[in-house]
Amino acid sequence: MRGKEEHGTVKMTSQGLVIPALTVIVGQACSLKCKHCTNFSPFAPSPTKRYPFKKICDDLDVIFQSVYRLEKIQVQGGEPFLYPELPELLEFIRSSEKVDLLTVATNGTILPNEKVFESMQQNRVRVRISNYPNVPDKTVSQFLEKLKEYDLDIWIYDFASDDSMWYDMGGITEAPSDSSDEAVQRRFLSCPFHDCFTLENGKISRCGRAVMAGLLQNFIAGEHDLLPVALADDFTEKLWKYLDLPIYMEACRHCFGTERGKVIPAQQLGE
């Protein structure tokens, strides 16, 4: 399969909270240095390159206890095939029995070892490969051959634009000239990532960019921007209200969303 990905909305059912999709960031370490990287991976501080395996599992355990279903979990980085405990993480996620679809999102530049392929097969993983024009065909071909050998589902991802282009959301030091509440709210609602629910370093965000943006763009997250993961009797209610919140985050003031148009994906720094 190929194209962009779409998912439903978060909802509270009679059986409990259902989250349509959650992205789990294992770290910002990446095999590429993309100049337009949405998550700022090339500029990530060293402590964010790989998040502790136990911390990720502890946070996920709180989430699993707080929801009825997770229709999809997507494991990504950075580049998730650089994460040493990836097989153990996939097994942990599947053992919850609350996840319908488990995906690993990769840039296709790394051929992981047999243990990783075996783990993906055993845990019924779908592999999402970003459709980058500058990744060597030989590397991708070898990777695809191994995926087929292990009978793994494959999704060629054409990005949120659905036309193999990236949105230029701006760099670390750039910000839109109009940062009024009205303009930022319009930018948030028109952004294809405004409901990209993400777990990164102990925080849940409604945008995959927001956690790293707060570290690198010199602003303080607002009260409702990020939700720290914490085991508490009312965490399910807090999670539901947070994910269903229809207003922008402080990170949106520092992001162009779709306003600057599109760029060729995965252009490397220095090119």
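This passage describes backbone geometry, internal spaces and salt bridges in a predicted model.

The backbone was examined for peptide bonds and torsion angles that stand out. The peptide bond that runs from Gly-77 to Gly-78 is cis, and its omega angle is near 15°. Gly-78 is placed in a loop, namely the one that connects strand β5, residues 69-76, with helix α2, residues 86-95. A positive phi angle is found at Asp-151, where the value is about 55° although the residue is not a glycine. Asp-151 belongs to the loop that follows helix α4, residues 137-149, and leads to strand β8, residues 153-157. The relative accessible area of Asp-151 is 67%, and since a residue counts as exposed when this value is over 50%, Asp-151 is classed as exposed. Asn-218 likewise is a residue other than glycine with a positive phi, in this case near 60°. The position of Asn-218 is in the loop between helix α6, residues 210-216, and strand β12, residues 226-228. With a relative accessibility of 75%, Asn-218 also counts as exposed.

The empty space inside the model was considered next. Rolling a probe the size of a water molecule over the atoms shows where empty space is left. When the whole structure is searched, 4 cavities of 30 Å³ or more are found, and the largest cavity has a volume of about 50 Å³. Three elements, strand β4 (residues 22-25), helix α1 (residues 53-66) and strand β10 (residues 198-200), each contribute at least two residues to the lining of the largest cavity. Helix α1 provides the largest share of this lining, with 3 residues. Among the residues that line the largest cavity are Val-24 and Ile-25, together with Lys-55, Ile-56 and Asp-59, and also Leu-199 and Glu-200. Tyr-51, Pro-52, Asn-201 and Gly-202 are included in the lining as well. By chemical character, the residues around the largest cavity divide into 6 nonpolar, 2 polar and 3 charged.

Apart from the cavities, the second largest pocket was also described. The second largest pocket holds about 260 Å³ of space. Its lining is made of 13 residues, and those that lie nearest the centre of the pocket are Glu-223, His-224, Leu-227, Lys-238 and Tyr-242. Strand β12 and helix α7, the latter spanning residues 235-243, each supply at least two residues of this lining, and the largest share, 4 residues, comes from α7. The residues lining the second largest pocket comprise 8 that are nonpolar, 1 that is polar and 4 that are charged.

Contacts between charged side chains were then examined. The structure holds 15 salt bridges. One of these salt bridges joins the side chains of Asp-58 and Lys-54, with a distance of 2.7 Å from N to O. Both residues of this pair lie in helix α1, where Asp-58 and Lys-54 are 4 residues apart, or about one turn of the helix. The two partners fall into separate accessibility classes, for Asp-58 counts as partly exposed at 37% relative accessibility, whereas Lys-54 is exposed with a relative accessible area of 58%.

Another salt bridge is formed by Lys-262 and Asp-163, whose closest N and O atoms are 2.7 Å apart. Lys-262 lies in strand β13, residues 262-263, while Asp-163 lies in the loop between β8 and β9 (residues 166-167), so this pair ties together parts that are 99 residues apart in sequence. Lys-262 counts as partly exposed, with a relative accessibility of 38%, and Asp-163 counts as partly exposed at 37%.

A salt bridge is also formed between Arg-253 and Asp-181, and here the closest N and O atoms are 2.7 Å apart. This pair links distant parts of the chain, since Arg-253 is located in the loop between α7 and β13 and Asp-181 in helix α5, residues 181-190, with their positions 72 residues apart in sequence. Asp-181 has a relative accessible area of 43% and is therefore partly exposed. Finally, Glu-114, Lys-146 and Glu-149 are joined into one network by salt bridges that share partners.

How values were computed. Residues numbered from 1 in each chain as written. Predicted model: local features only at pLDDT ≥ 70, side-chain atom pairs only at ≥ 80, totals over all residues. Heavy atoms only, no water. Buried < 20%, exposed > 50% of the residue type's maximum accessible area, 1.4 Å probe, protein only. 1 Å grid on protein atoms, 1.4 Å probe; cavity = no way out; pocket = protein on both sides within 12 Å on 5 of 7 lines; lining within 4 Å. Points joined across faces, edges and corners; volume = space filled by probe spheres on them. Nonpolar A, V, L, I, M, F, W, Y, C, P; charged D, E, K, R; others polar. Salt bridge = Lys/Arg side-chain N within 4 Å of Asp/Glu carboxyl O.
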